[in-house]
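Work through the exercises below with the sequence and the model open. Each task is followed by a solution in steps.

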Amino acid sequence: MDTPDSGGMTPLGRKTAETGINFTSTTRFSRGLTFIRTHTLFGQSPTRRIIPQTSLLQENVDPQKIAFLLRKQWTLYSVTPMYKFSYGNLKEYSRLLSAFVAAEKQKGLAVEVGNDLGIKVTLSTLLGLKGTDQDQVAVLVQIASRSQLPFENAENKVVWSGWFCCISGDDLLESVPEDFTCLSLFLANGAESYTAIVGSWFQKTFDCYFSRLTISPLNLAWMAAMWTGCKVDSHMAATELVFSVPCIPQSLDISYAIHSEDAKALWDTVQKTPGEVTQEEVNLFMDCLYSHFHRHFKIHLSATRLVKVSTSIASAHCDGNIKILHSKHLIGVLTLLTELAISQIQ
Amino acid sequence: MQQRENAKNPKQALQVRRSSLSAWQIGERTAGPKTADLKSAQKHEKGKQQSASDRAGNSTQDHLEQALTYFERVKDYIPLKKNEVLQKHLATVESIALQRGLSPEGLDVLLNVALSGHLADTVNTRILKCLIPASVIAESSVVSAVSWLCVGKCSGSTQLLFLRWLIAMFDFIDHKEKLHALYGFFFCSLQDEKLCPYVCHLLYLLTRRESVKPFRVRRLVDLQAKMGMQPHLQALLSLYKLFCPELVSITLPAKMKTYFKNSESLWKAAINTIRRRNQGTSPTSQQLILGTGHPQSRKRKWNTQLILPACSTDANNPTRSKEINHADILSHSESFPVEQLHTFSQLLQNIHRLEFPSQMGSVLRNSLLLHYINCIKDESIYLRLYYWMGQTLQEECTWYKLDNQQYEEEFKDFLDIVYKTECFLQEGFSSCEEFLYKSLPLWDGFCCRSQILRLVSWIPLSSFSEMKPHLCEPLAQLFFTSSLYFKCSVLESLKELLQNWLNWHVMQLDVESDPKISPLNTTLSGLVNSVAELIHFVGWIATVALHLENNATFLLYFILDFYETQHSCPSLVFICVRIQRALKSLPFVHSFRYRTNLVAAKENELIKKTILQFKFSSQTYQEYNQYIMAMVGCLWTSSAFQKDIHPQGIRLDPEVLKKTRVQEVRNSFNIVHHPALMGYAILFLQQAWPEDKTLNFNLIKGRRWNWYLEYLYVQGLQGLKLFIESSINRVSQVSQTKSGNVQV
């Protein structure tokens, strides 16, 4: 994965250099897609990432909504740019999506749009959830089912929720025409059948494509390093890495927990420039942890596969599940995830 | 009956025998008179069908015909017991229907016989259970079947099963107008207590706003009073209320878990099998692109089902519908929905008001829309297609999956469609190109081979520096380590690639001539360099392949094919010297073709040079001239292996030459001694000096050399003629009009 020439491309730092290949020479039949190809080809992992300094949320943020996003297990998806999505129509979308969900749920039966269907879908914006000003506003989708008991109509129970965002996704944004809305990262919590219904509605309506976003061991290592380096004021949970050994008949999981202070101390000795992380530093950090483990247990963790990372900032599983614990670092975590999502769709 | 017959090919005819045997065997198995055995027999049968798979699936049309004819002729009651003929035909129908579905005509016959009451109830049940449409169900068959219900010949259980069948197959009925006319009849059947739930369901499906009448509402309310709160009645009432709230005043519970009993279950599995067989053609599959109700979605992730989106206009997106309204005001015409687009003339008439489908991926199956795309310059179309295709390819690529067996066929089909589209548009998709770059390094060279290699041929002409690491290197690795056949396939697809590039290049030149739309002048030679690099690459792998495969003739055929294509390319002559060397020891045909190639290249160059005034480096010309000189040296002046003109070297050490123990090495490749031409030389000698049996080749020189040359020309070696006349300036001959680059 060493790609020295892919340069210091970070989602936050502006694009430093083009890929060196002159794509303007690709004269595709005058209707080509030359504009797409300005990014690094094939989502090569950057060798250097910048830790966002302004990891604070913007002022117009709704703290309740943000709290709703935290401490939940989200399943990650990447979404290609949505065609003709309009923020002005969220209400209309809510109405249509409600009908669609209801129709899918009771297949074959008539459903009237706008009627009370026992299910209510709400699309709303998540203001303030932005890395840069250019980022498009995040969108929250919630499915609430009406309470079973008719007299208790005050509370609607949220049965499923999902949200789109794109934090510091300038790279993609610049390359896409106006008709498209880039909300490349989608996070879902709730029954997969709902995810399927909502996802297919978005796919049909905005001609986009949802794919599960899995996280490679390399990126998990990045997360381990980057999140270890983050300052947390309150309670510090242990940093835990889970490794999987592919052995027969059952795979073996090795959990490796480190006091977060110790991990931080180690990281501080590894990191050269504050606010910036390089691939070598990540490798070095992991190697240190590996050799420590080997000294005690005589097991080479480098030969296993990193499947899960959990820190006091967030936890991530290679299957593409994430739980964010700290609102202060929400933007930072989402920035990295957005970058991964964008590299998957390009 | 004949019109029911599909066109049969010889292959089918061949297979009839075998499958008839298997059908017969099934017949025997199910022949047990006890109906209790029926289920296990059917199960057995299913397993058998799967194992027999395509072998049996492709044919048996004859048997089906026979069976249908038999059923058509049934006029009186026929018992099942000890009736082997009936059992045989029944088994045939069952096995074929569950595998492939039945044609509308077949369904008509079987529906008629099943409801006519001529057969035992068990037979009727079996027939109804296997009435799986291959495409659609004709409305008329349904109407005539319903008319049998009025006669009252069939038993209640058969009627009930028919209703369930009708509900399950509702979406397959081609028209529903006449069926709607029977609304009153169905409504009357509500009084039958057993049928009532199913009739309600059917009415639910049939009800339109105009079907809701006060007397019907009253009737339903009465029924509900009589039977109690039945979910099916409530469903129908709530639908009535939905249509006409003013007519239905009673309150209904707002939420109901299930209104109707499941009618589909009996046929669901079979329908899905058939649907998978002709994916995308059945009317229901178009509605269920990603639904959770789809049985396959359980096994796979919901969003990775490889079904091309159906072509439909988007009514969901208000942003877009608004736009349409806006357009209405301007053009005074409604937009034309893609669903209604069936003919080319429709396309022409409505091209100004055609809407694109909501999911751009659906154009792949619609050649009319591809035509439309071809004349529209809207980058959002390509972007939508780009994202959709890129993601689909990535998600579906079988060599990333563990259990790829299952999906490989699907993926192959998809790649085929993509390839066909590229051919249609005469343009490669960039998403496809990127997919190849990403995936080829991980490819085993086996999975979907022909599809992948065909896609390679549509990689757009672009910078070679990108193509080299992502395509050429992995491909070369596979190339060297794979079979001869694979090597040839790769060469073939690279030839196609070159062809496509050159075609594109020519088109680009046309565009270039218009200065307004050519901002690309500066990069043109860059593109030519890419072509040159490709040819170099092929030269390299072809040379190695010739070594590896001991100059296999088959391989040479493909190499020469490639070089023949190359000649449409202006002023690029990059033939690897080693290939030349290999070619020299070739059988006649190749050698001849090779020479033709070379000459054709030269001809081409002369023409193009004057037209285009390309600024090619003089090095290119030098190199070319060196090749010519080497060729002339071999064929004409008998000075092979003398001069070193190429880094790879054409000169051989005298020491090495000595080791070959060939006498007179220098002239061993001239037109007399060349292995490819020696046959002619012998014939020439025999004709010129019939009495001389020693075959003294040295006799051919001076004037006789010229005669010999004439003799060769007469033999039809036009390529040789062209080559010699254009490359060699012969002092003695006046007739040479074309001046060559080489002075001898």
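**Exercise 1. A hairpin in chain A**

Task: In the predicted model, state in which sense strands S10(A) and S11(A) pair, and over how many bridges.

Solution:
- Locate the strands. S10(A) covers residues 239-245, and S11(A) covers residues 252-258.
- Read the pairing. The two strands run in the antiparallel sense and share seven bridges.
- Check one pair. Glu240(A) has Ala257(A) in S11(A) as its bridge partner.
- Look at the connection. S10(A) and S11(A) form a hairpin, with six residues between them.

**Exercise 2. A strand with two neighbours**

Task: Find the bridge partner in S15(A) of Gln73(A), and that of Ser315(A).

Solution:
- Take S2(A), residues 73-79. This strand pairs with S15(A), residues 321-324, in the antiparallel sense over three bridges.
- Gln73(A) has Lys323(A) as its partner in S15(A).
- Turn to S14(A), residues 314-317. Its pairing with S15(A) is antiparallel too, over four bridges.
- Ser315(A) is bridged to Lys323(A). Lys323(A) thus appears in both answers.
- Inspect the link between S14(A) and S15(A). This hairpin has three residues between the strands, and Gly320(A) takes a positive phi near 100°.

**Exercise 3. Positive phi outside glycine**

Task: Lys84(A) has a positive phi although it is not a glycine. Decide whether Lys84(A) is buried or exposed. Then treat Gln426(B) in the same manner.

Solution:
- The phi of Lys84(A) is about 60°.
- Lys84(A) sits in the loop between strand S3 (82-83) and helix H2 (90-105) of chain A.
- Its relative accessibility is 12%, so Lys84(A) counts as buried. The cut-off for buried is under 20%.
- The phi of Gln426(B), a residue other than glycine, is near 55°.
- Gln426(B) belongs to the loop between helix H20 (404-425) and helix H21 (430-439) of chain B.
- Gln426(B) has a relative accessible area of 41% and is therefore partly exposed.

**Exercise 4. Two packed helices**

Task: Classify the packing of H6(A) against H7(A) from the angle between them.

Solution:
- H6(A) spans residues 260-270, and H7(A) spans residues 279-297.
- The packing angle is about 135°, and the axes are 10 Å apart.
- Angles over 145 degrees would count as roughly antiparallel, and 65 to 115 as roughly perpendicular. H6(A) and H7(A) are therefore oblique to each other.
- The crossing of H6(A) past H7(A) is right-handed.
- List the contact residues. H6(A) brings Ala263(A), Leu266(A), Trp267(A) and Val270(A). They meet residues of H7(A) including Val282(A), Phe285(A) and Leu289(A).

**Exercise 5. A loop asparagine in chain B**

Task: Say which backbone nitrogen lies 3.1 Å from a polar side-chain atom of Asn83(B).

Solution:
- Asn83(B) is in the loop between helix H3 (61-72) and helix H4 (84-100) of chain B.
- Its relative accessible area is 16%, so Asn83(B) is buried.
- The backbone nitrogen belongs to Leu86(B).
- Set aside neighbours within four places in sequence. Asn83(B) is then in contact with Tyr70(B) and Ile78(B).

**Exercise 6. A capped helix**

Task: Identify the residue that caps the N-terminal end of H18(B).

Solution:
- The cap is Asn366(B). A side-chain oxygen of Asn366(B) lies 3.1 Å from the backbone nitrogen of Leu368(B).
- Now map burial in H18(B), residues 367-374. Leu368(B), Leu369(B), Leu370(B), Tyr372(B) and Ile373(B) are buried.

**Exercise 7. A lysine and its distant partners**

Task: Give the C-alpha separation of Lys129(B) and Trp165(B).

Solution:
- Lys129(B) is in helix H6(B), residues 121-129.
- At 29% relative accessibility, Lys129(B) counts as partly exposed.
- Trp165(B) is 36 residues apart from Lys129(B) along the chain, and their C-alpha atoms are separated by 7.9 Å.
- Beyond four places in sequence, Lys129(B) is in contact with Leu266(B) and Trp267(B).

**Exercise 8. Chain totals**

Task: Set out the helix and strand counts of chain A and chain B.

Solution:
- Chain A has eight helices and 15 strands. Of its 346 residues, 56% are buried.
- Chain B has 33 helices and zero strands. Of its 744 residues, 53% are buried.

Note on methods. Residues are numbered from 1 along each chain as its sequence is written. Chains are lettered from A and ligands numbered from 1 in the order in which they are written. This is a predicted model: local features need pLDDT of at least 70, side-chain atom pairs count only at pLDDT 80 or more; totals for chains, interfaces and linings use all residues. Side-chain values use heavy atoms; hydrogens and water are left out. Two strands pair if DSSP finds at least two bridges between them. Buried means under 20% relative accessible area, exposed over 50%, partly exposed in between (1.4 Å probe, protein chains only). A polar contact is a pair of N or O atoms within 3.5 Å; within protein, one must be able to donate a hydrogen and the other to accept it, and residues adjacent in sequence count only if both atoms are side-chain atoms. Contact means heavy atoms within 4.5 Å. Axes are lines fitted to C-alpha atoms, for helices over the stretch in contact, and angles run from 0 to 180 degrees between N-to-C directions. Angles under 35 degrees count as roughly parallel, over 145 as roughly antiparallel, 65 to 115 as roughly perpendicular and the rest as oblique. A crossing is left-handed if the near helix is turned anticlockwise from the far one by less than a right angle, and right-handed if clockwise.
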